[in-house]
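Me: I am new to this structure. Can you take me through it in short questions and answers?

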Amino acid sequence: MAVAEPCIPGIATMPTPTPPEPTPRSTIAELRALMAGVPVTAKRVTDIRPARVPEVASWLAGEAVTRQPAGTAWVWRQPAVLLEPRAGQHHTAFLAAMADPTSPLRQRLQAAGLGEAPLPSELLWMDIESTGLGDSTPLFLIGVMTCESDGLHLTQYLARSPTEEAAVLALFRETAERHPLLVSFNGKSFDLPYIAGRCRRFRQPEPTTAAHFDLLHEARASWRTQLPNCRLQTLERHLCQRQRVDDVPSREIPAEYWRFVATGTKGRMPQVLYHNQLDLLTLVELMLHLPAPPVKPSRRSRPAPSA
């Protein structure tokens, strides 16, 4: 991420000038607030710079991957079936639905204006975790899922500190440009504009994709009148029959990340990563639950004028 440099007070006019002292990277009050879970304004929190990148290898399998000139980020990969045993069934059902031109999913894709059905391997499910609601604050995690011949596969690009955000963006862009169709939940309004804004901040090219299937729009069209709301976890409970346990609510995720950055301890970061992984798995399940689009009534021909 582009982190604001610490403010350097100007040199005061004194009889014997002395070099200015840099503003501390974070105040004791900020660190105490972070550790207590008390919200801190983004402007002050984003000034926190760890002395070194927090260590994650002891609790998160993966590897440090470098993309110059962006830098290095942590990359975690795993077959989805190791996270959710039903992922194998979802993979089989998804392949079958994509192969059947009459399936509700294929009809939905066509109704969304995507033309010819893409190959399953061309889809990329994606979800981000950020430190705010606008792209003036950094994102720290982009999770993606792909459909391979042997199953669904999850990948997460993690910025272990804000200094690794640029590499996270670069790695995601590489992946996105290999997949013609993005699938998200509110990605058209939030995830992709957020990523684009952060790319501009780092003067990186924005990801280019041929098409985007936003499941929030499809969910509203399908279930708005049948469910309390169309939030992702509401859909997950009612349609996927899954109730999350020990989940980190989205509103608490930024504080958990800043606590991790400030202290170097994992805290609840494993649960944050798991939250993102479940979001991705829910997306493919929602695609399988989509009903066929409503049939548009044919336009009746006007009756012939009487003689």
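Me: How many of the eight residues of strand β5 are buried?
Reply: This is a predicted model. In it, strand β5 covers residues 151–158 and is mostly covered. Of its eight residues, the number buried is seven.

Me: Which strand does β5 join through eight bridges?
Reply: β5 pairs with β2 (residues 71–79) in the antiparallel sense, over six bridges. The eight bridges, also antiparallel, belong to another pairing, with residues 139–148. That strand is β4.

Me: How many residues make up the hairpin link from β4 to β5?
Reply: β4 and β5 run antiparallel. A hairpin joins them. The number of residues in the link is two.

Me: Which residue of β5 is the bridge partner of arginine 77?
Reply: Look for a residue of β5 that also stands opposite valine 144. Arginine 77 has its bridge partner in β5 too. In both cases the β5 residue is threonine 155.

Me: What is the order of the strands in the open sheet?
Reply: The sheet has seven strands, with mixed pairing. β1 (63–67) and β7 (211–214) stand at the edges, each with a single partner strand, so one side of each has no neighbour in the sheet. Neighbouring strands are turned by 30° against each other on average, direction ignored. The order is β1-β2-β5-β4-β3-β6-β7.

Me: Which residue in β2 is the bridge partner of threonine 66?
Reply: β1 and β2 pair in the antiparallel sense, over five bridges. The partner of threonine 66 lies in β2. It is threonine 72.

Me: At what angle does helix α6 run to β3?
Reply: Helix α6 spans residues 187–201. It lies across β3 (123–130), β4, β6 and β7. Its angle to β3 is about 70°.

Me: Is valine 183 buried or exposed?
Reply: Valine 183 lies in strand β6 (residues 181–184). Beyond its neighbours within four places in sequence, its contacts include Leu123, Trp125, Phe213 and Met287. Its relative accessible area is 0%, so it counts as buried.

Me: What distance separates the C-alpha atoms of valine 183 and histidine 212?
Reply: Along the chain, these two residues are 29 residues apart. In space, their C-alpha atoms are separated by 5.9 Å.

Me: Which residues does threonine 175 contact, leaving aside neighbours within four places in sequence?
Reply: Threonine 175 lies in helix α5 (residues 165–176). Its relative accessibility is 5%, so it counts as buried. Its contacts beyond those neighbours are Leu124 and Tyr157.

Me: What helps to cover the buried residues of helix α8?
Reply: Helix α8 runs over residues 232–239. Its buried residues are Leu232, Thr234, Leu235, Glu236 and Leu239. What covers them includes α7 (215–223) and α10 (269–289).

Me: Which residue just after α8 takes a positive phi?
Reply: Look just past the end of α8. The phi there is about 55°. The residue is glutamine 241.

Me: How many disulfides does a search of the whole structure find?
Reply: Cysteine 147 is buried, at a relative accessible area of 2%. Cysteine 240 is buried as well, at 3%. A disulfide would need a pair of cysteine sulfur atoms within 2.5 Å. The search finds zero.

Me: What share of the protein chain is buried?
Reply: The protein chain comes to ten helices and seven strands. Its accessible surface is about 16,200 Å², and 54% of that belongs to carbon and sulfur atoms. Of the 307 residues, the buried share is 47%.

Me: What share of the contacts with a separation of 6 or more joins residues 24 or more positions apart?
Reply: Take the contacts in the protein chain with a separation of 6 or more. Count those whose residues are 24 or more positions apart. The share is 71%.

Me: Where is the pLDDT below 50?
Reply: The chain averages a pLDDT of 85, and 80% of the residues score at least 70. Where pLDDT is low, the predicted coordinates should not be read in detail. One such stretch is residues 34–47, under 50, with 23 contacts beyond four places in sequence. Another, with 40 contacts beyond near neighbours in sequence, is residues 1–29.

How values were computed:
Residues numbered from 1 in each chain as written. Predicted model: local features only at pLDDT ≥ 70, side-chain atom pairs only at ≥ 80, totals over all residues. Heavy atoms only, no water. pLDDT = per-residue confidence, 0-100. Contact = heavy atoms within 4.5 Å. Buried < 20%, exposed > 50% of the residue type's maximum accessible area, 1.4 Å probe, protein only. Helix = DSSP H or I, 4+ residues; strand = E, 2+ residues; numbered from the N terminus. Pairing = 2+ DSSP bridges. Axes fitted to C-alpha atoms, helices over the stretch in contact; angles between N-to-C directions. Areas by Shrake-Rupley, 256 points an atom, 1.4 Å probe, with all protein chains shown as cover.
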